[in-house]
Amino acid sequence: MELTQQFETAVAESKTLSEKPSNEILLQLYSLYKQATEGDVTGEGPSNPFDFVAKAKHNAWEELKGKSKEDAMKEYVALVQRLKG
C-alpha cells in the first residue's frame, strides 16, 4: 500500500480507537498530522497567552520543523498502529 493511502487509513483509524489517548499522544498525533499535511509550522503561534491548548499544539508542531512530510506520515502511521495494539 502506498504511503499516502496508509496515512489516510491511519487518520481514519485514529478517530475510532477503543480508548482515548493521553493528551501527550494527542499532541503527537496532531503535530505529525500537521507536519505531514502542511509541512513546517509558520507564524508566531496563538496571540492569546492564555490559550494553553493552542500554544501546546503550536509548540508540538514547531518541534517537528525540518521533518519531511514523508517521515511525518510514517511516524503517524506507526503511532496509530501502536495505539491500536
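These exercises, with worked solutions, deal with helix packing and burial in a predicted model.

**Exercise 1. The core**

Find which residues of the largest nonpolar core touch the most other members, and which elements supply that core.

*Solution.*
Step 1. Start with the members. The largest nonpolar core has 15 residues. F7, L29, L32 and Y76 touch the most other members.
Step 2. Go to the elements. Two or more residues come from each of α1 (3-14), α2 (23-38) and α4 (69-84).
Step 3. Rank them. α4 gives the most to this core, with 6 residues.
Step 4. Set this against the general pattern. In soluble globular proteins, nonpolar side chains tend to be buried together.

**Exercise 2. Around F7**

List what F7 touches, leaving aside its neighbours within four places in sequence.

*Solution.*
Step 1. Take the contacts in sequence order. F7 meets Y33, A36 and T37, and further on M73, Y76 and V77.
Step 2. Return to the core. F7 and Y76 are both among the residues there that touch the most other members.

**Exercise 3. α1 against α4**

Describe how α1 and α4 pack, and sort the residues of their contact by class.

*Solution.*
Step 1. Get the geometry. The axes lie 9 Å apart, at an angle of about 40°.
Step 2. Classify the angle. Angles under 35 degrees count as roughly parallel and 65 to 115 as roughly perpendicular. About 40° therefore makes α1 oblique to α4.
Step 3. Give the hand. α1 passes α4 in a left-handed crossing.
Step 4. Name the residues. On the α1 side they are L3, T4, Q6, F7, A10, V11, E13 and S14. On the α4 side they are E70, M73, K74, Y76, V77, V80, Q81 and K84.
Step 5. Sort by class. The contact of α1 with α4 has 8 nonpolar, 4 polar and 4 charged residues.

**Exercise 4. α2 against α3**

Work out the packing of α2 and helix α3 (residues 52-62), then place K34 in it.

*Solution.*
Step 1. Get the geometry. The axes of α2 and α3 are 8 Å apart and the angle is about 60°.
Step 2. Classify it. That angle makes α2 oblique to α3.
Step 3. Give the hand. The crossing of α2 and α3 is right-handed.
Step 4. Name the residues. α2 brings L27, Y30, S31, K34, Q35 and E38. α3 answers with A56, K57, A60 and W61.
Step 5. Sort by class. The contact of α2 with α3 holds 5 nonpolar, 2 polar and 3 charged residues.
Step 6. Look at K34, which lies in helix α2. Its relative accessibility is 16%, so K34 counts as buried, the cut-off being under 20%.
Step 7. Add its contacts. Neighbours within four places in sequence aside, K34 touches G39 and W61.

**Exercise 5. α2 against α4**

Describe the crossing of α2 and α4, and follow L79 into it.

*Solution.*
Step 1. Get the geometry. The two axes come within 8 Å and cross at roughly 150°.
Step 2. Give the hand. α2 passes α4 in a left-handed crossing.
Step 3. Name the residues. α2 uses I25, Q28, L29, L32, Y33, Q35, A36, T37 and E38. α4 uses K69, A72, M73, E75, Y76, L79, V80, R82 and L83.
Step 4. Sort by class. The contact of α2 with α4 divides into 11 nonpolar, 3 polar and 4 charged residues.
Step 5. Focus on L79, in helix α4. With a relative accessible area of 3%, L79 is buried.
Step 6. Add its contacts. Beyond its neighbours within four places in sequence, L79 touches I25, Q28, L29 and L32.

**Exercise 6. Exposure and distance**

Say whether E2 and Q81 are buried, partly exposed or exposed. Then compare sequence separation with distance in space for three pairs of residues.

*Solution.*
Step 1. Take E2, in the segment before α1. Its relative accessible area is 52%, so E2 is exposed, the cut-off being over 50%.
Step 2. Take Q81, in helix α4. At 38% relative accessibility, Q81 counts as partly exposed.
Step 3. Read the distances, C-alpha to C-alpha.

| Pair | Apart in sequence | Apart in space |
|---|---|---|
| E2 and E24 | 22 residues | 28 Å |
| Q81 and L32 | 49 residues | 14 Å |
| L79 and E13 | 66 residues | 11 Å |

Conventions: Residues are numbered from 1 along each chain as its sequence is written. This is a predicted model: local features need pLDDT of at least 70, side-chain atom pairs count only at pLDDT 80 or more; totals for chains, interfaces and linings use all residues. Side-chain values use heavy atoms; hydrogens and water are left out. A nonpolar core is a set of buried Ala, Val, Leu, Ile, Met, Phe, Trp, Tyr and Cys residues joined through side-chain atoms within 4.5 Å. Buried means under 20% relative accessible area, exposed over 50%, partly exposed in between (1.4 Å probe, protein chains only). Helices (H or I, at least four residues) and strands (E, at least two) are DSSP runs, numbered from the N terminus. Contact means heavy atoms within 4.5 Å. Axes are lines fitted to C-alpha atoms, for helices over the stretch in contact, and angles run from 0 to 180 degrees between N-to-C directions. Angles under 35 degrees count as roughly parallel, over 145 as roughly antiparallel, 65 to 115 as roughly perpendicular and the rest as oblique. A crossing is left-handed if the near helix is turned anticlockwise from the far one by less than a right angle, and right-handed if clockwise. Ala, Val, Leu, Ile, Met, Phe, Trp, Tyr, Cys and Pro count as nonpolar, Asp, Glu, Lys and Arg as charged, and the others, Gly among them, as polar.
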